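Trainee: I should like to learn how to read the sheet, the helix packing and the domain contact in a structure. May we work through an example together?

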Amino acid sequence: MKIIKLEAIPMSDPVPSDRQHRTDLGTKVKSDATLIRVTTDNGFTGIGTSLGSPPVVAAIVDHELSYEVVGEDPMFSELIYEKMYNGSRAQPALETGWGQPEPSRRRGMVMEAISGVDIAIWDVKAQALGIPVYQALGAVRSSVRGYASGGWAPGDEAEEELGGYAAKGFDAVKMRVVGRDGFSIPKAVRRIRAARRGIGPDVELMIDAHGSLDTSTAIRLAKEVEEFDISWFEEPVSVDDHRGQGLVRSATKIPIASGEREFTRHDFNDLMDHEAIDIAQPDVARAGGLTEIRRISAVTSARQVRLAPHAWGSAVLFAASIHAAMASPNCHILEVSQGYMPMMWELFNERFDVRSDGSVHAPDRPGLGFTLRDDTLERFKYVAGPEYDF
Ligand SMILES: [Mg+2]
């Protein structure tokens with residue numbers, strides 16, 4: 001089996017004006033994704049997806065990665081990953097046994113492009129084997145606990161919003177630390193207290209600061225909200241301050257989670273070297289695809305760090321995240337977005353199996369197990385410009 005074609009298709013999912021809300025990230029006017037498609041000489045087509053700016057990702061795929069991927073056998077998925085990561089030094093890297101990455105490929109949008117290609121290769125490989133991706137990776141389970149991820153409501157409205165997620169059946173919910181009413185420690189405490197009231201004592205509550213606080217503010221907030229039994233405090237400080245995140249972790253009893261903006265197992269190693277995480281949250285469409293997320297699972301499990309894949313994006317991203325969760329022994333929970341996301345819920349012919357107890361079940365179909373609706377490329381046609389208005 002040989003790969004004969006590699007394509008990258010930019011896509012957008014505009015948010016209608018009456019659904020646009022201002023958060024700490026700005027006003028989201030659309031969601032972007034790049035669809036990756038791999039075709040083999042024996043008639044299989046695999047799909048993947050990348051985060052990053054779609055036209056840029058597409059150019060990286062067309063002008064860089066296609067030369068390493070086209071002509072290869074998808075069964076050699078580790079080889080293809082190493083070729084993409086090491087670029088012109090792939091041969092010496094494989095001969096010596098240590099990585100010699102091409103500088104621009106280690107992180108950033110090139111790694112996001114590599115991630116998408118890797119997902120598509122796993123899709124095609126598992127289809128050829130006639131089994132679901134998670135079984136090709138090595139299955140550890142066929143369903144996982146999901147948590148409802150949202151929580152932007154201002155003030156006491158957080159009670160109803162988070163309570164609503166619990167009423168849907170989720171026994172774990174996550175809210176943003178910065179609400180639509182902005183941020184101050186008293187505002188955050190009020191919202192978190194309201195959320196705990198809304199969900200009762202038995203539902204797990206997580207909080208996410210999007211890396212927006214400085215170390216001392218994050219520590220003060222953590223101390224104020226410890227009494228509300230928080231299961232994790234996500235991205236308390238900047239992604240570039242692993243040391244600061246380690247300081248936050250050492251100052252609070254609340255477990256610390258992060259990883260959605262990190263790349264490859266090397267970033268997670270650094271987080272662990274700084275004793276900065278309890279829960280690792282790699283994104284399969286950014287951190288290195290299914291090949292690298294499996295390595296991240298291995299290195300984090302060696303230090304008792306659990307895995308909770310970040311899964312916020314298109315349906316292809318959620319599908320790949322489901323398979324990653326089913327093949328990672330240290331994965332304990334998976335993110336289920338409560339945001340406005342037609343590109344997640346209306347892209348495929350098949351429905352995601354999210355049950356009334358909040359559990360997420362893997363498809364039993366070969367490959368990723370999902371097919372694009374006929375109108376997908378037309379409906380989610382790429383729209384130029386940034387995702388957020390400020
Ligand atoms: Mg987050």
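Mentor: We shall take the sheet, then the helices, then the domains of this predicted model.

Trainee: In what order do the three strands form the open sheet?

Mentor: The order is β1-β4-β5, and the pairing is antiparallel. The edges are taken by β1 (3-14) and β5 (45-50); each has a single partner strand, so one side of each is left without a neighbour in the sheet. From one strand to the next, the twist averages 25 degrees.

Trainee: How many bridges join β1 to β4?

Mentor: There are 11 bridges between β1 and β4 (residues 30-40), and these strands run antiparallel. To fix the register in view, find P10, which stands opposite T34 in β4.

Trainee: Which helix lies across β1, β4 and β5?

Mentor: That is α4, residues 108-129, which runs at about 155 degrees to β5.

Trainee: How do the axes of α2 and α4 cross?

Mentor: The axis of α2 (residues 77-86) comes within 10 Å of that of α4, and the crossing is at roughly 165 degrees. Angles over 145 degrees count as roughly antiparallel, and α2 and α4 are therefore roughly antiparallel to each other. The crossing in which α2 passes α4 is right-handed.

Trainee: Which residues of α2 and α4 make the contact?

Mentor: From α2 come S77, I80, Y81, M84 and Y85, while α4 supplies I114, V117, D118, I121, W122 and K125. Sorted by class, this contact of α2 with α4 holds eight nonpolar residues, one polar and two charged.

Trainee: Where do the bounds of domain 1 and domain 2 fall in the domain assignment?

Mentor: The assignment of the protein chain gives 3-131 + 376-389 as domain 1 and 137-361 as domain 2. Their C-alpha centres lie 23 Å apart.

Trainee: How is the size of an interface often given?

Mentor: It is often given as the accessible area lost when the parts come together. Here we may use residue counts: 32 residues of domain 1 are in contact with 28 residues of domain 2. On the side of domain 1 that touches domain 2, at least two residues each come from β1, β2 (22-23), β4, β5, α2 and α4.

Trainee: Which element gives the largest share of that side of domain 1?

Mentor: The largest share comes from α4, with eight residues. By class, the side of domain 1 that touches domain 2 comprises 13 nonpolar, 10 polar and nine charged residues. Helix α4 thus appears in three settings: across the strands, against α2 and on the side facing domain 2.

How values were computed: Residues numbered from 1 in each chain as written. Predicted model: local features only at pLDDT ≥ 70, side-chain atom pairs only at ≥ 80, totals over all residues. Pairing = 2+ DSSP bridges. Helix = DSSP H or I, 4+ residues; strand = E, 2+ residues; numbered from the N terminus. Axes fitted to C-alpha atoms, helices over the stretch in contact; angles between N-to-C directions. Contact = placed C-beta atoms within 7 Å. Parallel < 35°, antiparallel > 145°, perpendicular 65-115°, else oblique. Left-handed = near helix turned anticlockwise from the far one by under 90°. Nonpolar A, V, L, I, M, F, W, Y, C, P; charged D, E, K, R; others polar. Domains from an automatic or database assignment.
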